[in-house]
Amino acid sequence: EQSCAIRKGISVTMILPPAASASLLQELQKGTEGMFRVQRALTHVDCMRARARFEEDEQLVKDFVGSKIGFDRVDQQITAFMIAFVGGVVESHMKQGVSRMKTAMTGISLGSCPSKASTFFSWFAVD
């Protein structure tokens, strides 16, 4: 599917099971070390080593990719799709967190926040 989308220039959105998204987020929450592990994993995309349930299907797909697109191009695009997926997981987490904070802070004025928080929030203040 990825190779056909790449060949036709169709945008792809990766969707993984919730457990995979949660696992990714846990890794990213480990800071620099977790980010490095995710980046390292993304350097190991290798569609040439991918397996299909049926050997005939696998050979058919690999013949198609090898002759029409190229394994390197597919690997690059899959990596790009996965990077976008990682960004989406972080974006979703941030949106949910901001929404929860807004709900929790209803009725709290910025004057009651500690000075560092007030400085942070003042960057986003709208007059």
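**Chatting through a helical protein**

Mentor: Let's start with one pair: helices α2 and α3 pack with their axes 7 Å apart, at an angle of about 130°. Keep in mind that this is a predicted model.

Trainee: Okay, so how are α2 and α3 oriented to each other, in a word?

Mentor: Oblique. Angles from 65 to 115 degrees count as roughly perpendicular and those over 145 as roughly antiparallel, so the pair α2 and α3 ends up as oblique.

Trainee: Which residues make the contact?

Mentor: From α2 you have L24, E27 and L28, and from α3 there's G34, M35, R37 and V38. By class, the contact of α2 with α3 has four nonpolar residues, one polar and two charged.

Trainee: Let me pick one of those. What does V38 touch?

Mentor: Leaving out residues up to four places away in sequence, V38 touches L24, E27, L28 and V86.

Trainee: V86 is new to me. Where does V86 sit?

Mentor: V86 is in α5, and it's part of the contact with α2. On the α2 side you'll find S21, L24, L25 and L28, and they meet F85, V86, V89, V90 and H93 of α5.

Trainee: What's the class mix in the contact of α2 with α5?

Mentor: Seven nonpolar residues, two polar and no charged ones.

Trainee: And how do the axes of α2 and α5 cross?

Mentor: At roughly 80°, and they come within 10 Å. Here α2 covers residues 18–28 and α5 covers residues 71–105. With that angle, α2 and α5 are therefore roughly perpendicular to each other.

Trainee: Switching topic: which residues touch the most other members in the largest nonpolar core?

Mentor: M14, L24, V38, V74, M82 and F85, out of 20 residues in that core.

Trainee: Which elements give two or more residues to the core?

Mentor: Those are α1 (2–8), α2, α3 (32–42), α4 (55–69) and α5. The one that gives the most is α5, with eight residues.

Trainee: Zooming out, how many helices and strands are there in the protein?

Mentor: Six helices and zero strands. Along the sequence you just read α-α-α-α-α-α.

Trainee: How much of the protein counts as buried?

Mentor: 24% of its 127 residues. The accessible surface is about 9,800 Å², and carbon and sulfur atoms hold 59% of that.

Trainee: Last one: what share of the contacts with a separation of 6 or more is between residues 24 or more positions apart?

Mentor: Those pairs account for 60% of such contacts in the protein.

Notes:
Residues are numbered from 1 along each chain as its sequence is written. This is a predicted model: local features need pLDDT of at least 70, side-chain atom pairs count only at pLDDT 80 or more; totals for chains, interfaces and linings use all residues. Side-chain values use heavy atoms; hydrogens and water are left out. Helices (H or I, at least four residues) and strands (E, at least two) are DSSP runs, numbered from the N terminus. Buried means under 20% relative accessible area, exposed over 50%, partly exposed in between (1.4 Å probe, protein chains only). Contact means heavy atoms within 4.5 Å. Accessible areas come from the Shrake-Rupley method with a 1.4 Å probe; for residues, only the protein chains shown count as cover. Axes are lines fitted to C-alpha atoms, for helices over the stretch in contact, and angles run from 0 to 180 degrees between N-to-C directions. Angles under 35 degrees count as roughly parallel, over 145 as roughly antiparallel, 65 to 115 as roughly perpendicular and the rest as oblique. Ala, Val, Leu, Ile, Met, Phe, Trp, Tyr, Cys and Pro count as nonpolar, Asp, Glu, Lys and Arg as charged, and the others, Gly among them, as polar. A nonpolar core is a set of buried Ala, Val, Leu, Ile, Met, Phe, Trp, Tyr and Cys residues joined through side-chain atoms within 4.5 Å.
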